[in-house]
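Reader: I'm in my first year and still learning how to look at these models. Could you take me slowly through one part of this one?

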Number of protein chains: 2
Amino acid sequence: MNICGKNYVAGRRSAEGRTIIHSYDASTGERLPYDFFQATPDEVDAAAVAAAAAYPRYRALPAGRRAEFLDAVADELDALDAEFVALVVRETALPTARIQGERGRTSGQMRLFANVLRRGDFYGARIDTALPERQPLPRVDLRQVRLGVGPVAVFGASNFPLAFSTAGGDTAAALAAGCPVVFKAHSGHMATAEYVADAIIRAAEKTGMPVGVFNMIYGAGVGEALVKHPAIQAVGFTGSLRGGRALCDMAAARAQPIPVFAEMSSINPVLVLPEALKQRGEQVAGELAGSVVMGCGQFCTNPGLVIGIRSAPFSQFLDSLSARMADQVPQTMLNAGTLKSYAKGLAALHAHPGVKHLAGQNQEGSQARPQLFQADVSLLLNGDELLQEEVFGPTTVVIEVADKAELIEALHGLHGQLTATLIAEPADLAAFADLVPVLEQKAGRLLLNGYPTGVEVCDAMVHGGPYPATSDARGTSVGSLAIDRFLRPVCYQNYPDALLPDALKNANPLGIVRLLNGSSSREPV
Amino acid sequence: MNICGKNYVAGRRSAEGRTIIHSYDASTGERLPYDFFQATPDEVDAAAVAAAAAYPRYRALPAGRRAEFLDAVADELDALDAEFVALVVRETALPTARIQGERGRTSGQMRLFANVLRRGDFYGARIDTALPERQPLPRVDLRQVRLGVGPVAVFGASNFPLAFSTAGGDTAAALAAGCPVVFKAHSGHMATAEYVADAIIRAAEKTGMPVGVFNMIYGAGVGEALVKHPAIQAVGFTGSLRGGRALCDMAAARAQPIPVFAEMSSINPVLVLPEALKQRGEQVAGELAGSVVMGCGQFCTNPGLVIGIRSAPFSQFLDSLSARMADQVPQTMLNAGTLKSYAKGLAALHAHPGVKHLAGQNQEGSQARPQLFQADVSLLLNGDELLQEEVFGPTTVVIEVADKAELIEALHGLHGQLTATLIAEPADLAAFADLVPVLEQKAGRLLLNGYPTGVEVCDAMVHGGPYPATSDARGTSVGSLAIDRFLRPVCYQNYPDALLPDALKNANPLGIVRLLNGSSSREPV
């Protein structure tokens, strides 16, 4: 594999700039022997223009052709060799098995969207046929279908170098929707990004996609120019609250504002209810500790807040959780910046008078040390900002509440979340059923007796939630519904069959389900 | 009818403020004998808080109960008497028959959403059942449904005092979605707003809706406080580009940004193609003139731009259109402000060296005088801002292009539109089929051989489009899809049947269509 470090612009490699940036071995800090060329303003422009030029041809392709492209990307990803996996491991310090699994998830995601394209519900096809005899006025023939909004800028995450990055969920959803992509390579895994971009380009060439359907730029600060580029029509982002919000603000201030789907900060509350504590507090403590430190806690859905009601079993559970957290070994984080942020987050917790440190070795050295804190419930009740933003890494904060009323009050004090979890026995569910509507208001996904760190890629998944979990609670960045973010409806009034998109033609040549005069149907008109 | 002019807050009438505002007879300018109490900051807060308090109970109601409410609103609207119609006519100068028709449209809109609630596709129900045997990892049970985002602020339009106002499309869509509403009464028809708010409140009481499900505030400047209120979770707006953009900017700058669905400015291009001109240019000129002056041109979808290819038939058509526009009589506008804006818009057209006045009497007096202008195509090709924002009133601008290539180039110069219309014969469609993809990029609704001023309320309608037609091209403010703007998805992982919403229960008690393991189905799980 030859890594040349040039930007991907309109199907060519481009290196007009003089700023060279580097990728690092996440475990050793050693600089990897590749030069990456930061994109110049002209190159950013050229990438966006290439995406815009590809858009009319790409979105006009039959959905089945785009599905072939996504399937080909999946095949290319699956075919990447051990050298590739080793490189990803090197850039991220994530274990080999995890990267192999994540690769499978990433190609599976591509295939899921290919399937969505073949299934056809993404079209949102609706037909209201003419009613020439209607009184007082006739109704004309009206038909609606959804099409891709235009070129999409995607910013990947550091913590999923494959599944939330170059060929990740946002890229897959945008490409599925008929939107060419300009991807901003993550600085934490630029060599990985190059491998994956090459795989996408190979797939695009094999399946005859228009040049410019996928572009990738390297560099710090190039994201701002990308989001402000008039050709870009939507943005997908996974990362920090600060970074996501900055993009949202830029996008909102454009002459033409555009939507930003940013997945940002979530502390993912886990509520351990009394009967569950009584029956299996010890087991829950073990599972929870495992979930907190899994992947060095580097998940958007890492459980950052554990809430229970004051009681002897809860105290026992706390002791047990403390003991288990104290046993956890240090782990290498994704990169030096992540470790620095983790240390900073821990320092803020240590410094707060309402927060007590329960377990964990003093954070120092080159690895992240798992930690357990306890915060006074007043932090939630009084809207203290400290607990609201996630500390990205293997740490969690426990809160003890007096009773159910205080529990509900504390939940109301939470900002928006990706997930909210109940650890509960049937008796708990009977006694605490009124928590569910509160959790529905706070989170995109509600779990029972599971841990939020696994995010299934399927039709029913919601990886989203109220701000600041995401910038727009109406979207999800995982699962097939993610395509909706990049589609907009168009209505055809009185158009002849020949000029209508296939999804709306009388004969229903695609055989899809449509809303036909108010009823769901596969029938022709 | 007793009009007391107090704000509607949590089911009570409130008049804490000292600023009194008035409504006017649109035809005479006479002040109507009602005092309206501008809402104080405390009242704005109380209205938003009331909506937030109603939200948990209201959104938890079965959709069928919300449908009863919407049906009851429709019945109350239909039952409003001749005195009401006369009052609306007085406040807006719109003809009696138009108001009667618009009332029917408004109640019909409520009933459409009631039907959507009973039909159940708005739930977007998706179920992926557990796969305990799956390798390498089992899949848990995951189910997705959509629920209302929370309290919605709605700003009505002056030009549809019923269909886009107090009980208009945005209110109906939000209430259908399970979102309580705080409506900012339009200053142009505050007495009308009071009649309609009373009808909504009567319906809410009759059908046992929670107090605070609908609130209404009067006054200038109260909108800003409303949009910035933390309880408000989304905004619906119909009005000017300047007003809509200001709300978008405020909403984006909140600590928690919220989505704004603003329907703003559209010039609704009408393309008259050669064969149609040859066969029926005279007829098209008549129809187009009728569409331009209908309702004094006070429609979002008023055709503000007519484009044709230079030719003898087009010149003849222009002569004919000029003659017909010269014949049109002055009409009274909605209010003095609208007339002033109209005069200002005309003055800007007169002042531009690239624009020629073709027909219409000098704009003066208390009524709007229909006008026809011709602009040089260079205004579109060079991105001149003058043509891009609508002149609200009975005027239109013609542009002559050299040929099809220039036509396409000119279309690319247009900003986003609500509608784009082709006047075409079959031979035109064969020769100009490649216009359609360009129009798809520019507009929310594409019409053939019709005029955009009629907007059917149905499932397939899109009354939306790229900026600045709306602030978010993914929405529509007319038709049943409008409900989508106020819904967000929530996923339940491993939840027992008893705790799931009815839409997701195994037995499918609502009998709705669901995406069950990737297939559209009404089957139980």
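By what turn and what shift along the axis can chain A be laid on chain B? And once that is clear, please give me a close look at the part where the chains meet.

Author: Happy to, and keep in mind that this is a predicted model. A turn of 180° and a shift of 0.0 Å along the axis lay chain A on chain B, with an RMSD of 0.0 Å. The two copies are therefore related as by a two-fold rotation axis. If you want a landmark for that axis, look for A252(A): its C-alpha, at 3.2 Å, comes closest to the axis of the residues of chain A. Both copies use the same surface, too, since 100% of the contact residues of chain A recur in chain B.

Now for the meeting place itself. Chain A puts 59 residues into the contact, and chain B puts in 59 residues as well. On the chain A side, the elements that each supply at least two residues include helix 1 (41–60), helix 8 (241–253), helix 15 (435–442) and strand 19 (487–493). Strand 19 of chain A gives the largest share, 6 residues. Sort the chain A side by residue kind and you get 34 nonpolar, 11 polar and 14 charged.

Let's stay with strand 19 of chain A, because that is where you can watch a sheet cross from one chain to the other. This strand pairs in the parallel sense with strand 18 (residues 443–448) of chain B, over 3 bridges. To see one spot on that seam, find C491(A), which stands opposite R445(B).

Zoom out a little and the seam turns out to belong to an open sheet of 12 strands with mixed pairing. Its order is 21(A)-20(A)-5(A)-6(A)-19(A)-18(B)-17(B)-12(B)-13(B)-16(B)-15(B)-14(B). At the edges are strand 21 (519–521) of chain A and strand 14 (355–359) of chain B; each has a single partner strand, so one side of each is left without a neighbour in the sheet. On average, neighbouring strands here are turned by 25° against each other, ignoring direction.

There is also an open, mixed sheet of 12 strands that runs 14(A)-15(A)-16(A)-13(A)-12(A)-17(A)-18(A)-19(B)-6(B)-5(B)-20(B)-21(B). Its edge strands are strand 14 (355–359) of chain A and strand 21 (519–521) of chain B.

Follow the first of these sheets into chain B. Strand 12 of chain B and strand 13 of chain B run parallel and are joined by 4 bridges, with V272(B) standing opposite G308(B). Strand 13 of chain B is also linked to strand 16 (residues 395–401) of chain B, in parallel, by 5 bridges. In that pairing V306(B) stands opposite V398(B). Strand 13 of chain B is mostly covered, with 4 of its 5 residues buried. Helix 9 (residues 274–293) of chain B lies across this region, over strands 12, 13, 16 and 17 of chain B, and runs at about 150° to strand 12.

Next, the helix that sits over the seam. Helix 15 of chain A lies across strands 12, 17 and 18 of chain A together with strands 6 and 19 of chain B, running at about 140° to strand 18 of chain A. In chain B, the buried residues of helix 15 are L435(B), L439(B), E440(B), Q441(B) and K442(B). Their cover comes from both chains: it includes strands 6 and 19 of chain A, along with strands 12, 17 and 18 and helix 13 (404–412) of chain B.

Take a moment over K442(B), which sits in helix 15 of chain B. K442(B) counts as buried because it has 21 C-beta neighbours inside 10 Å, where 20 or more is the cut-off. Setting aside its neighbours within four places in sequence, K442(B) is in contact with L411(B), L414(B), G416(B), Q417(B), A420(B) and P466(B). The C-alpha atoms of K442(B) and T419(B) are separated by 8.3 Å, although the two are 23 residues apart along the chain.

One last stop: the largest nonpolar core. It has 364 residues, and V235(A) and V235(B) touch the most other members. Beyond its close neighbours in sequence, V235(A) is in contact with residues including V152(A), L247(A), I258(A) and F261(A). As a general idea to take away, nonpolar side chains tend to be buried together in soluble globular proteins.

Note on methods. Residues are numbered from 1 along each chain as its sequence is written. Chains are lettered from A and ligands numbered from 1 in the order in which they are written. This is a predicted model: local features need pLDDT of at least 70, side-chain atom pairs count only at pLDDT 80 or more; totals for chains, interfaces and linings use all residues. A nonpolar core is a set of buried Ala, Val, Leu, Ile, Met, Phe, Trp, Tyr and Cys residues joined through C-beta atoms within 7 Å. A residue is buried if 20 or more other C-beta atoms lie within 10 Å of its own, exposed if 12 or fewer, and partly exposed in between; C-beta atoms are placed from the backbone. Two residues are in contact if their C-beta atoms, placed from the backbone, lie within 7 Å. Ala, Val, Leu, Ile, Met, Phe, Trp, Tyr, Cys and Pro count as nonpolar, Asp, Glu, Lys and Arg as charged, and the others, Gly among them, as polar. Two strands pair if DSSP finds at least two bridges between them. Axes are lines fitted to C-alpha atoms, for helices over the stretch in contact, and angles run from 0 to 180 degrees between N-to-C directions. Copies are superposed by least squares on the C-alpha atoms of residues with pLDDT of at least 70 in both.
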